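Good morning, and thank you for coming. I would like to take you through one protein model, and I ask that you keep the display in view while I speak.

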Amino acid sequence: MGSQVSMDMRGMHVVIVGGGFGGIAAASQLQALNISFMLVDMKDFFHHNVAALRASVESGFAKKTFISYSVSFKESFRQGLVVEIDLENKTVLLEDGEVLPFSHLILATGSTGLFPGKFNQVSSQQDAIQAYEGIVKQVQCSQSIVVVGGGSAGVEMAAEIKTEYPEKEVTLIHSQVALADKELLPCVRQEAKEILLRKGVQLLLSERVSNLEELLLNEYRECIKVQTDKGTEVATNLVIVCNGIKINSFAYCSAFERQLASNGALRVNEYLQVEGCSHIYAIGDCADVKEPKMAYHAGLHAKVAVANIVNSTQQKPLKAYKPGALTFLLAMGRNDGVGQISGFYVGKFMVRLVKSRDLFVSTSWKTMRQSPP
């Protein structure tokens, strides 16, 4: 099939901006179809950040979460920062002055957030691994740890620490009453809370950290005083923040000013085409689709975008993306978890089988056609 597709598509060249879960899925599919493409990312490695929290507590795990782009995509990968998208001339400009022409564009810029949940720095792969090995040491040094933010990342972070180091005091501070993402079933959110309590995590709910800007993050200290808006004070050795995720819109915000949603995502139609631009697609976190921002969804978006690029050049009907009933799994340490599959509650046996032990690391290595270390 690949040779047939490539013959039908001479003159086509797809540029993919962003090498997160959606970006590598799209690149891998285009590569399999023999369609010319260029993947652009400011880093030279993919970060499997679904496993970033495990890598923050378990020494030796981080090396499994970083995968070289150039090994997988060779000359179809370019390391660089996109500074301008020229819609009229169909080009992407990199910070170093290189101009990349495209017939089709896939925007997969993802989101940014605080370390250790995200790793946004430009560094070597070895330095990135060492950054996670560094925070493992900070966790190991600390007897008391505060996790700020009780969304899914904060819940998983607190559980990972308590699973690896049950003797440590872990306090989770969350500004809401219910934990994890609001899209989850109430029974899933309640069970997440029960798992944390069983593990011995102290919960401060409906309280917001009031001195966050003054706190040193991710570094051990003998005494760090965390204060909340309710007057609570917690003395701790280490503060880890697990909130503040933002859409990474830098590459496209000026070119698509009229298509921006309030959170910086791009408004798309049912085919994931950016409004008014039939040859430009947005996938993953930067697509304004009413569903939680998840790696799983980014992969589904990539499949639709690539199919529609192929179909549009062959005068075939486009494929619509329809968000389905939510599948969302909370890995709460390697041996526990809770979630839902297609809207139905699943307990720890299923979550442990599907996600908790491996955190989908092997899936990303398979997508990149490489063998894990």
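I shall discuss a helix and its packing, then a strand beside it, then two sheets, and finally two single residues. Please bear in mind throughout that this is a predicted model.

Let us begin with helix α8, which covers residues 295-313. How far apart are its end C-alpha atoms? They are 28 Å apart, and the 19 residues of the helix, at 1.5 Å a residue, should span 27 Å, so the two values agree. After α8 comes Q315, whose phi is positive, near 55 degrees.

Which residues of α8 are buried? Among them are H297, A298, H301, A302, V304 and A305. To follow such a pattern, recall that an α-helix has 3.6 residues a turn, so residues three or four places apart point the same way. The buried residues of α8 pack against four elements: β1 (14-17), α2 (21-32), β9 (104-107) and β18 (280-282).

One of these partners, α2, deserves a closer look. In general, two packed helices are described by the angle between their axes and the distance between the axes. Here the axes of α2 and α8 come within 8 Å and cross at roughly 35 degrees. The crossing of α2 past α8 is right-handed. On the α2 side, the contact is made by F21, G22, A25, A26, Q29 and L30. On the α8 side, A295, A298, G299, A302, K303 and V306 take part.

A second partner of α8 is the strand β1. In a regular strand the side chains alternate between the two faces of the sheet. In β1, V14 and I16 lie on one side, V15 and V17 lie on the other, and all of them are buried, with both faces of the strand covered. Strand β1 runs parallel to β9, and four bridges join the two. Across that pairing, V15 stands opposite L105. Strand β1 also pairs with β2 (residues 37-41), again over four bridges and in the parallel sense. In this second pairing, V14 stands opposite F37.

I now turn to the two sheets. Strands of a sheet pair through backbone hydrogen bonds, either parallel or antiparallel.

In what order do the strands of the open sheet with β6, β7 and β8 lie? The order is β6-β7-β8, and the pairing is antiparallel. The edge strands are β6 (82-86) and β8, each of which pairs on one side only. From one strand to the next, the twist averages 20 degrees. Strands β6 and β7 are joined by four bridges, and E84 stands opposite L93 of β7.

The other open sheet has three strands in the order β19-β20-β21, with antiparallel pairing. Why is one side of β19 and of β21 left without a neighbour in the sheet? Both stand at the edges, β19 at 328-331 and β21 at 344-346, and each has a single partner strand, so one side of each has no neighbour there. The twist in this sheet averages 15 degrees from one strand to the next. Strand β20 (residues 337-341) pairs with β21 over three bridges, and the bridge partner of G339 is V346 in β21. Helix α7 (residues 186-199) packs on this sheet and touches β19, β20 and β21. The direction of α7 makes about 170 degrees with that of β20.

Finally, let us consider two single residues. The first is T236, found in strand β15 (residues 233-236). Is T236 buried or exposed? Its relative accessible area is 2%, and the limit for a buried residue is under 20%, so T236 is buried. A polar atom of the T236 side chain lies 3.3 Å from the backbone nitrogen of I145. The backbone oxygen of L238 lies 3.5 Å from a polar atom of that side chain. Beyond its neighbours within four places in sequence, T236 is in contact with residues including S144, V146, R221 and C223.

The second residue is D96, in the loop between β7 (91-94) and β8 (99-101). At 59% relative accessibility, D96 counts as exposed, as the cut-off for that class is over 50%. The side chain of D96 reaches the backbone nitrogen of E98 at 3.0 Å. D96 and V82 are 14 residues apart in sequence, and their C-alpha atoms are 9.2 Å apart in space.

Thank you for your attention.

Methods
Residues numbered from 1 in each chain as written. Predicted model: local features only at pLDDT ≥ 70, side-chain atom pairs only at ≥ 80, totals over all residues. Heavy atoms only, no water. Expected span 1.5 Å × (residues − 1). Buried < 20%, exposed > 50% of the residue type's maximum accessible area, 1.4 Å probe, protein only. Contact = heavy atoms within 4.5 Å. Pairing = 2+ DSSP bridges. Axes fitted to C-alpha atoms, helices over the stretch in contact; angles between N-to-C directions. Polar contact = N/O pair within 3.5 Å; in protein donor to acceptor, adjacent residues only side chain to side chain. Left-handed = near helix turned anticlockwise from the far one by under 90°.
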